[in-house]
Amino acid sequence: PRPSAQLPIEVQTRQALEVLRQQAENGQILSQTSRWVRRYMTVAFELSPEEMTTAEFCKTIQGQQRIGNELANAVCDFLRRCDELKFAPVAASPPFGAAARALELVQLGETRRGQLRQTIVAQTETQPLRSHG
């Protein structure tokens, strides 16, 4: 049986990242973490759900005004770093803290979504009411 109400994407993502944060960081954890960040961005900002390489995904989000340059750049830097670490020799560098960083990106995303909602409310409030008559 399916749950009656699906959790919002930010809640699902935070819960998954908290679990990943408790585990030793390796290629599999990095892959899962970056997958959750992509999924969050795709759902939260209503992007096309198609599979993309990191380069394609970054090109897509960097062109989105809703996402904004700061968040898009932070997400792309994160995804590229995860890719580098996934294919790096084992113990080549100290742990990246990918899940913790991913949680920060979700928070940035939620802040951005809040700003967008405020903008929409402000625009709605400043538009004159139109009477039909």
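Contact means heavy atoms within 4.5 Å. The exercises below concern a predicted model.

**Exercise 1. The nonpolar core**

Determine which residues touch the most other members of the largest nonpolar core, and which helix supplies the largest share of this core.

*Solution.* Step one is to identify the best-connected members: among the 31 residues of the largest nonpolar core, M41 and V75 touch the most other members. Step two is to assign the core to helices. At least two of its residues come from each of α1 (9-21), α2 (27-44), α3 (54-62), α4 (69-86) and α5 (98-126). The largest share belongs to α4, with nine residues. Step three is to list the partners of M41. With residues up to four places away in sequence left out, M41 touches E46, L47, F57, I67, L71 and V75.

**Exercise 2. The packing of α1 and α2**

Classify the relative direction of α1 and α2, and describe the composition of their contact.

*Solution.* The starting point is the geometry: the two axes come within 10 Å and cross at roughly 170 degrees. Angles over 145 degrees count as roughly antiparallel, and therefore α1 is roughly antiparallel to α2. The next step is to name the residues involved. On α1 the contact is made by I9, E10, Q12, T13, A16, L17 and L20; on α2 it is made by I29, Q32, T33, W36, R39, Y40, V43 and A44. Sorted by character, the residues of this contact comprise nine nonpolar, four polar and two charged.

**Exercise 3. The two sides of α3**

Establish how the buried residues of α3 are arranged around the helix axis, and what covers them.

*Solution.* The buried residues to consider are T54, F57, C58 and I61. Because these residues cover an arc of only 100 degrees around the axis, they lie on the same side of α3. The other side of α3 carries the exposed residues A55 and K59. Finally, the cover over the buried residues of α3 includes α2 and α4.

**Exercise 4. A loop residue**

Decide whether F45 is buried or exposed, and list its contacts beyond its sequence neighbours.

*Solution.* F45 is located in the loop between α2 and α3. Its relative accessibility is 1%, so F45 counts as buried, the cut-off being under 20%. The contacts of F45, apart from neighbours within four places in sequence, are Y40, R66, I67, L71, G109, R112, R113 and L116. As a further spatial relation, the C-alpha atoms of F45 and I61 are 9.2 Å apart, while 16 residues separate the two in sequence.

Note on methods
Residues numbered from 1 in each chain as written. Predicted model: local features only at pLDDT ≥ 70, side-chain atom pairs only at ≥ 80, totals over all residues. Heavy atoms only, no water. Core = buried A, V, L, I, M, F, W, Y, C linked by side-chain atoms within 4.5 Å. Buried < 20%, exposed > 50% of the residue type's maximum accessible area, 1.4 Å probe, protein only. Helix = DSSP H or I, 4+ residues; strand = E, 2+ residues; numbered from the N terminus. Axes fitted to C-alpha atoms, helices over the stretch in contact; angles between N-to-C directions. Parallel < 35°, antiparallel > 145°, perpendicular 65-115°, else oblique. Nonpolar A, V, L, I, M, F, W, Y, C, P; charged D, E, K, R; others polar. Arc of directions from axis to C-beta.
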